[in-house]
Amino acid sequence: MGNFDRRLEVFWEEFWVYEGYNKVLEGLKNTLFIAVMGLVIGIVIGTLIAAVRVMPKYRLVPRVLDGVCSVYVAFFRGTPMVVQLLVFYYVLLPLMGVNMTPVTVSTLVFGLNSGAYISEIMRGGILSVDPGQMEGGRAMGLSFSATMMKIVIPQAVKNILPTLGNEFITLIKETSIVSFVGATDLYKAFNVMGTNTYEFMVPYLSMALIYIVMVLIISLLIKLMERRLRKSDKSL
Amino acid sequence: MIRVCDLHKSFGDLKVLNGIDLTIEKGEIVVILGPSGSGKSTLLRCLNCMEDPTAGHIYFHDVDLTDMKVDINVHRQKMCMVFQHFNLFNNKTVLQNLTLAPIYVAKKAARKARVAKFFKRPYAEEDIRSLKDIKARAEEKGMELLGKVGLQDKADEYPSKLSGGQKQRVAIVRALAMEPDVMLFDEPTSALDPEMVGEVLEVMKELARDGMTMVVVTHEMGFAHEVASRVLFIDEGIIMEEGTPDEVFNHPKHPRTQSFLSKVL
Ligand SMILES: Nc1ncnc2c1ncn2[C@@H]1O[C@H](COP(=O)(O)OP(=O)(O)OP(=O)(O)O)[C@@H](O)[C@H]1O
Ligand SMILES: [Mg+2]
């Protein structure tokens with residue numbers, strides 16, 4: 001610990017004088033972009049999958065869709081996200097001849113991956129809504145999908161908002177793997193600074209602090225949201 | 001209006017309905033009685049295809065609803081159901097509960113008509129309405145209906161703020177907002193505190209006076225006696241006895257009916 005001052009000095013020089021902060025800002029931006037967009041894509045995909053999975057299964061089409069969805073969920077939950085990222089970037093996209101930036105690919109994979117997890121969360125949320133709500137809608141002549149969209153899913157989302165918040169935190173933490181395909185995230189930014197100065201202690205310490213602060217802020221927001229919801233529940 | 005032919009329904013090995021034949025004419029008020037588990041709810045739910053019959057046919061305006069090709073949603077809009085537990089939309093205000101389905105239907109009709117117009121196919125000009133117009137008319141109608149059951153001041157409340165009796169009155173006018181040809185009631189007062197039963201029955205009696213066709217499962221013998229044009233007694237999944245209220249209540253023929261009535265009257 002003796003030369004911590006010296007390390008701090010080196011870091012500060014790299015960060016401020018050699019404009020390492022640009023990289024950090026870019027990394028922060030990418031980290032947030034990938035996590036937020038991943039969550040948005042995940043919510044859309046997850047909601048669709050969850051709706052398919054709770055559909056009545058009398059006819060062929062829902063059954064086939066259900067099969068496709070369970071394979072999808074099994075794949076994305078059953079393999080590590082790093083593997084999914086590498087497979088997409090180095091196998092699937094080249095095979096299809098598609099060019100994408102590392103950040104775009106990462107966002108896509110994060111969306112697809114969290115879609116699988118959110119589908120399970122959403123399914124739980126949908127099942128927690130009183131079946132009478134679906135019956136009420138169907139008995140009025142609304143279609144299954146209309147009742148789902150207008151009545152059931154809004155109530156399900158309300159029930160699972162805190163869980164979705166946790167999924168967002170998970171996504172933020174997981175973004176530290178996107179440097180595997182060359183995207184600049186927080187980890188990559190600080191890693192570069194470390195490599196430039198042969199000094200890793202302060203960069204990685206700062207990185208940890210930034211992650212912690214982000215997660216704390218988001219947790220706080222979730223808590224506030226939960227409290228608001230509970231209040232509106234009372235008046236509801 | 002409704003014709004049921006040899007309707008059977010089983011849940012796995014459990015045979016619930018064992019051949020129901022029933023015709024309901026316009027303006028009739030049919031009350032269905034029967035012990036718990038006899039299949040009353042199942043019959044009602046088969047009528048609007050909330051349950052798929054195992055065998056048999058249900059004709060509504062001479063359309064066979066058990067035919068898989070029929071768009072059941074269109075028919076349910078004219079055959080609305082009122083539930084024991086209300087099933088109001090919890091995430092919608094009272095007024096929105098009333099307007100949701102009518103707006104949905106009108107929007108769909110408008111979209112269809114616009115497409116038909118574009119392709120120069122026949123369509124009804126009055127179906128082409130703006131969303132604003134659709135909404136305004138649905139809300140106007142909704143408020144009028146709420147006025148009918150004395151709940152206009154609750155229009156912007158959420159259902160969880162209402163008492164059971166108020167909820168059921170909203171559920172009834174929600175169904176009415178669809179201008180149905182027939183209304184199905186499944187024990188509409190069974191989940192209510194005794195002091196609220198009256199207000200709901202009052203609304204139903206008014207409907208009956210206005211000539212609404214109704215199929216009512218209930219344990220309210222007074223209501224059945226007073227309002228029904230026909231009473232059915234169901235047990236073991238078949239119609240054991242049917243007739244006017246006077247025939248069934250005062251001169252029951254079947255021993256099952258007699259013992260059931262002696263228990264509930
Ligand atoms: N979805 C279902 N799956 C399996 N069994 C069911 C289902 N719905 C109803 N049943 C069974 O069918 C039988 C008839 O039920 P139903 O609800 O029609 O009776 P009911 O006459 O309405 O009785 P109650 O007066 O208690 O409402 C019961 O034994 C019930 O357990
Ligand atoms: Mg019942």
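## Exercises on ligand 1 and the chain B sheet

Here is a starting point: in ligand 1, an oxygen atom sits 3.0 Å from a backbone N or O atom of Gly39(B), where a polar contact is a pair of N or O atoms within 3.5 Å. The model is predicted, so local features need pLDDT of at least 70 and side-chain atom pairs pLDDT 80 or more, whereas totals for chains, interfaces and linings use all residues. Residues are numbered from 1 along each chain as its sequence is written, chains are lettered from A and ligands numbered from 1 in the order written, and side-chain values use heavy atoms, without hydrogens and water.

**Exercise 1.** Find which polar side-chain atom and which further backbone atom lie 2.8 Å from oxygen atoms of ligand 1.

*Solution.*
1. Begin with the backbone: an N or O atom of Gly37(B) is 2.8 Å from a ligand 1 oxygen.
2. Turn to the side chains: a polar atom of Lys40(B) also lies 2.8 Å from an oxygen atom of ligand 1.
3. Now add the cover: ligand 1 taken alone exposes 640 Å², and the protein buries 59% of that (Shrake-Rupley method, 1.4 Å probe).

**Exercise 2.** Work out what kinds of residues make up the shell around ligand 1, and which element supplies the largest share.

*Solution.*
1. List the residues with a heavy atom within 4 Å of the ligand; among them are Phe11(B), Pro35(B), Ser38(B), Thr42(B) and Glu187(B).
2. Sort the shell: 4 residues are nonpolar, 6 polar and 2 charged, with Ala, Val, Leu, Ile, Met, Phe, Trp, Tyr, Cys and Pro as nonpolar, Asp, Glu, Lys and Arg as charged, and the others, Gly among them, as polar.
3. Assign elements, which are DSSP runs numbered from the N terminus (helices H or I, at least four residues; strands E, at least two). Strand 2 (14–24) and helix 1 (40–47) of chain B each give at least two shell residues, and helix 1 of chain B has the largest share, 3 residues.

**Exercise 3.** Trace the order of the 4 strands in the open sheet of chain B, and see what packs on it.

*Solution.*
1. Strands pair if DSSP finds at least two bridges between them; here the order is 2-1-4-5, with antiparallel pairing.
2. Strand 2 and strand 5 (63–64) of chain B are at the edges with a single partner strand each, so one side of each lacks a neighbour in the sheet.
3. Strand 4 (residues 55–60) and strand 5 of chain B pair over 2 bridges, and Tyr59(B) stands opposite Asp64(B).
4. Helix 1 of chain B packs on the sheet, touching strand 1 (2–11), strand 2 and strand 4 of chain B (contact: heavy atoms within 4.5 Å). Its direction makes about 120 degrees with that of strand 1 of chain B; axes are lines fitted to C-alpha atoms, for helices over the stretch in contact, with angles from 0 to 180 degrees between N-to-C directions.

Conventions: Polar contact = N/O pair within 3.5 Å; in protein donor to acceptor, adjacent residues only side chain to side chain.
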